[in-house]
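Here's a quick walk through the model, residue by residue where it pays off. Have the viewer open and follow along.

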Amino acid sequence: MQKALFLLLFGSAVLIGFTEISGGTGENELVPLYIGILVLALIPLWVVLRGLREHSLSERRAEEALQSVRVTSLVRREVKAKIPKHAPRRESQITRDGLAKLSSIRSMAALIRKPRLREKVLEICDFADLVLETICRMPEDTPAAVAFIENHLVRLQEALERCFELYRTTEYKKIAAMDTDTYEIECFGAFITAFCKQQDSILFEGLGADRSRSGILV
């Protein structure tokens, strides 16, 4: 609204100035007036159209964000439901290492300046918590469990470190005003898919080891 008022006043000033400078007579004297009226009519129209476009863009982004939250919530429930809750919980060195790495990652995530990206990384940490809980419910630390802590979590930490390095570069600062959040969120969002697949591998290997042990005892 303030922009529209400013443009209206500016257009009026231009119209008055142009009329004074031309100083014509007869029909030619009305030409600046016609041009000024046209300009003053187009300015509010341009402001309204721009506002409608920005509003439409905001609504589309909000809908995309809501859809993403719904999908993530569904995936989270599925991951949580797979944890063998009735199995005894145990701790091992590998799980302690995983919890330490995840704590460090959370501390780094809290320093992310972009709110949407910060929320996404913290969301990924919540998924990592569920995978670590799955490992704690397994009879032993399988290769898939070790790979999650020594590979997946390490890669997430490296991705965050790389992100902070880019923040400090001149090239990144030049494009910081652009909407890079969507691209960055999609890149980090891939970790959720990877964590889900790794949980399936952990469950498959862990339950397979449990069945083998039961067969030997029989």
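Thr72 touches Lys120, Glu123, Phe127 and Ile192, once residues up to four places away in sequence are set aside. Bear in mind that this is a predicted model. Thr72 itself lies in helix α2. Is Thr72 buried or exposed? At 12% relative accessibility, Thr72 counts as buried, because the cut-off for that label is under 20%.

Zooming out, the protein has seven helices and zero strands. Reading from the N terminus, the order is simply α-α-α-α-α-α-α. Of its 218 residues, 30% are buried. The protein exposes about 14,400 Å², and carbon and sulfur atoms supply 62% of that area. As for contacts between residues at least 6 apart in sequence, 83% join residues at least 24 apart.

Now for the inside. In soluble globular proteins, nonpolar side chains tend to be buried together. Here, the largest nonpolar core has 37 residues, and the ones with the most contacts inside it are Ile112, Leu117, Phe148, Phe188, Phe195 and Ile202. Helices α3 (93-109), α4 (115-136), α5 (143-167) and α7 (181-217) each supply at least two residues of this core.

Take Leu117 from that list. Which residues does Leu117 contact, leaving aside its neighbours within four places in sequence? They are Ile112, Cys163, Tyr167, Glu184, Ile185 and Phe188.

The rings are worth a look too. The count comes to three aromatic pairs. One of them is Phe148 with Phe195: the ring centres are 5.1 Å apart and the planes sit at 75 degrees, so the pair is edge-to-face. This pair links distant parts of the chain, with Phe148 in helix α5, Phe195 in helix α7 and the two positions 47 residues apart. Both Phe148 and Phe195 are buried. Along with Phe188 and Phe191, Phe148 and Phe195 form one aromatic cluster.

Next stop, a loop. Arg89 has its place between α2 (31-82) and α3. What does the side chain of Arg89 make a polar contact with? The partner is the side chain of Glu133, at 3.0 Å. Arg89 and Glu133 are 44 residues apart in sequence, yet their C-alpha atoms are 8.4 Å apart in space. Besides Glu133, Arg89 is in contact with Cys136 and Arg137, again leaving aside neighbours within four places in sequence.

That leaves the cysteines. A disulfide is a covalent bond between the sulfur atoms of two cysteines. How many disulfides does the structure hold? Zero. Why does Cys187 have no such bond? The closest cysteine sulfur, in Cys163, is 9.7 Å from the sulfur of Cys187, which is too far for a bond, because the cut-off is 2.5 Å.

For a side-by-side view, here are the relative accessible areas of some of the residues discussed, plus Cys196.

| Residue | Relative accessible area | Class |
|---|---|---|
| Thr72 | 12% | buried |
| Arg89 | 46% | partly exposed |
| Cys187 | 36% | partly exposed |
| Cys196 | 15% | buried |

Arg89 and Cys187 land in the partly exposed class because their values, 46% and 36%, fall between the 20% and 50% cut-offs. Cys196, at 15%, is buried.

Notes. Residues are numbered from 1 along each chain as its sequence is written. This is a predicted model: local features need pLDDT of at least 70, side-chain atom pairs count only at pLDDT 80 or more; totals for chains, interfaces and linings use all residues. Side-chain values use heavy atoms; hydrogens and water are left out. Buried means under 20% relative accessible area, exposed over 50%, partly exposed in between (1.4 Å probe, protein chains only). A nonpolar core is a set of buried Ala, Val, Leu, Ile, Met, Phe, Trp, Tyr and Cys residues joined through side-chain atoms within 4.5 Å. Helices (H or I, at least four residues) and strands (E, at least two) are DSSP runs, numbered from the N terminus. Contact means heavy atoms within 4.5 Å. Accessible areas come from the Shrake-Rupley method with a 1.4 Å probe; for residues, only the protein chains shown count as cover. A polar contact is a pair of N or O atoms within 3.5 Å; within protein, one must be able to donate a hydrogen and the other to accept it, and residues adjacent in sequence count only if both atoms are side-chain atoms. Rings of Phe, Tyr and Trp (its six-membered ring) pair if their centres lie within 6.5 Å; planes under 30 degrees apart count as stacked, over 60 as edge-to-face and the rest as tilted.
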